[in-house]
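Me: I'm new to this one and would like to go through it slowly. Could you take a look with me?

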Amino acid sequence: MPTFLTRRVTFAAAHRYRVATWSDEQNDATFGPCARPNFHGHSYVCDVTVSGTVDPVTGFVIDLPALDAALQTEVRERFDHSNINLDVPEFSEGKLVPTGENLARFICERVQAALDRTTAARVMRVVVAEDATLSATYEPG
């Protein structure tokens, strides 16, 4: 029977939405205030859910220090107090637009790659919330 464990991590970061090949007018029309050149910030809440077999001895789906280490490296150290567009190469000009949807998928892939080195647990869901009214969820297929 599948068992799930969710760990929450938070980070504060700035970003802006912009497609490099579009004009400023098209970016403004599509993204509104989120395309402004001076960026804007959020206090993000990120929930990462993993699944696996419960260890009969420890009772764990995953060793929490392993999960926490992956979240520290792949989420907090990468995003906290950063400008996502300027500090995270995968989201730089002409690459991924730092939407919640793209952040959730990116975080899922990075955390899973980190966990693959230490555990059989699988990342089943990543939810990235910009605030209490907006979140994006990614579940790998």
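Reply: What follows is a walk through the sheet, the helices on it and one serine, keeping in mind that this is a predicted model.

Me: OK, so how many strands are in the sheet, and what order do they have?

Reply: The sheet is an open one of five strands, and their order is E3-E1-E2-E4-E5, with mixed pairing. The edge strands are E3 and E5, the latter covering 134-138, and each of these pairs on one side only.

Me: In which sense do E1 and E2 pair?

Reply: Strand E1, residues 3-15, and strand E2, residues 40-52, pair in the antiparallel sense, and their pairing runs over 13 bridges. If you want a place to look, Val-9 stands opposite Cys-46 in E2.

Me: And what about E1 and E3, which sense is that?

Reply: E1 and strand E3, which is residues 82-83, pair in the parallel sense over two bridges. In E3, Ser-82 is the bridge partner of Ala-13.

Me: Then over to E4 and E5: how many bridges join them?

Reply: Strand E4, residues 122-131, is joined to E5 by five bridges, and the two run antiparallel. Within this pair, Val-128 stands opposite Ala-136 in E5.

Me: Switching topic, which strands does H4 touch?

Reply: Helix H4, residues 100-116, packs on the sheet and touches E2, E4 and E5, with its direction making about 145° with that of E4. Helix H2, residues 64-79, lies across E1, E2 and E3, and runs at about 20° to E1.

Me: What span does H4 reach, and how many residues has it?

Reply: H4 has 17 residues and reaches 24 Å from its first C-alpha to its last, which is close to the 24 Å expected at 1.5 Å a residue.

Me: Which residues of H4 are buried, and what do they pack against?

Reply: Among the buried residues in H4 are Leu-103, Phe-106, Ile-107, Val-111 and Leu-115. The buried residues of H4 pack against E2, H2, helix H3 (84-87), E4 and E5.

Me: Last thing, Ser-51: is that buried or exposed?

Reply: Ser-51, whose place is in strand E2, has a relative accessible area of 10%, and because buried means under 20%, Ser-51 counts as buried.

Me: What is Ser-51 in contact with, further off in sequence?

Reply: Leaving aside neighbours within four places in sequence, Ser-51 is in contact with Pro-2, Thr-3, Phe-4, Val-61, Ala-121, Arg-122 and Met-124. For Thr-3 there is a polar detail as well, since its backbone oxygen lies 3.1 Å from a polar atom of the side chain of Ser-51.

Terms used: Residues numbered from 1 in each chain as written. Predicted model: local features only at pLDDT ≥ 70, side-chain atom pairs only at ≥ 80, totals over all residues. Heavy atoms only, no water. Pairing = 2+ DSSP bridges. Helix = DSSP H or I, 4+ residues; strand = E, 2+ residues; numbered from the N terminus. Contact = heavy atoms within 4.5 Å. Axes fitted to C-alpha atoms, helices over the stretch in contact; angles between N-to-C directions. Buried < 20%, exposed > 50% of the residue type's maximum accessible area, 1.4 Å probe, protein only. Polar contact = N/O pair within 3.5 Å; in protein donor to acceptor, adjacent residues only side chain to side chain. Expected span 1.5 Å × (residues − 1).
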